[in-house]
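Student: I should like a close look at one part of this structure, the aromatic rings and what they join. Please set that part within the chain as a whole.

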Amino acid sequence: MSKLGIEVFQDLTLASAEGDLSSTRAALINHQTCDWVRDSDQEADMRKHTLGGDDIILFRYVGADLPRAALTLWERGSGYAVTNIVPAKQVQLSVSEYNSVLQDFVDQVVKPAQSEVSFILKLTG
């Protein structure tokens, strides 16, 4: 997305409408696809380095239409925020690539999960 011709990275936050983080987590995980797969091993490794035991959900994009990448959802209050999208095979993602990966995650995982569990989706940029 661009503002006045300047491309900006989009941000995604998910806030549980009822404060039920476990339902939001389960819905996201239940809606992984063949292109978006959860990496529980990497989650466990990352969780070892959190100070307060924050919840982390890590998905990997393994499809063929976009750059392969890992997307991290980190607990923020009563929801989650995408804190990083890291490319798997290249040094960095362009703003456009980053936003395309994020939008695909929203379309393929988040929106289907949102139809199952009530949470507020905020995509900025």
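Tutor: Accessible areas here come from the Shrake-Rupley method with a 1.4 Å probe. On that basis, the chain of this predicted model exposes about 6,700 Å², and carbon and sulfur atoms supply 49% of that area. Buried residues account for 40% of the 125 residues in the chain.

The setting of the rings comes next. The chain contains three helices and eight strands, and from the N terminus on these follow the order β-β-β-α-β-α-β-β-β-α-β. The radius of gyration is 14 Å, close to the 14 Å that the globule rule gives for 125 residues, so the chain is as compact as a globular protein of that length. Along its principal axes, the C-alpha trace spans about 40 × 30 × 30 Å. Of the contacts between residues at least 6 apart in sequence, 55% join residues at least 24 apart.

Now to the rings themselves. The structure holds four aromatic pairs. In one of these, the ring centres of tryptophan 36 and phenylalanine 105 are 5.0 Å apart and the ring planes stand at 65°; planes over 60 degrees apart count as edge-to-face, so this pair is edge-to-face. Tryptophan 36 belongs to strand β4 (residues 36-38), whereas phenylalanine 105 belongs to helix α3 (residues 95-114), so the pair ties together parts that are 69 residues apart in sequence.

How far are these two residues covered, and are they buried or exposed? Buried means under 20% relative accessible area. Tryptophan 36 has a relative accessible area of 0% and is therefore buried; phenylalanine 105 also has a relative accessible area of 0% and is likewise buried. Ring pairs extend the picture beyond these two residues, linking Trp36, Phe59, Tyr61 and Phe105 into a cluster.

A loop residue offers a contrast in accessibility. Glycine 77 is found in the loop between β6 (69-76) and β7 (79-87). With a relative accessible area of 63%, glycine 77 is exposed. Its C-alpha atom is separated by 8.7 Å from that of glycine 19, although the two residues are 58 residues apart along the chain.

Finally, as to charge, the chain carries 11 positive and 17 negative charges, and the mean positions of the two sets are 3 Å apart.

Terms used: Residues numbered from 1 in each chain as written. Predicted model: local features only at pLDDT ≥ 70, side-chain atom pairs only at ≥ 80, totals over all residues. Heavy atoms only, no water. Helix = DSSP H or I, 4+ residues; strand = E, 2+ residues; numbered from the N terminus. Rg over C-alpha atoms; globule rule 2.2 N^0.38 Å. Buried < 20%, exposed > 50% of the residue type's maximum accessible area, 1.4 Å probe, protein only. Contact = heavy atoms within 4.5 Å. Lys, Arg positive; Asp, Glu negative; His and termini not counted. Charge placed at Lys NZ, Arg CZ, Asp CG, Glu CD. Phe/Tyr/Trp six-rings, centres within 6.5 Å; stacked < 30°, edge-to-face > 60°.
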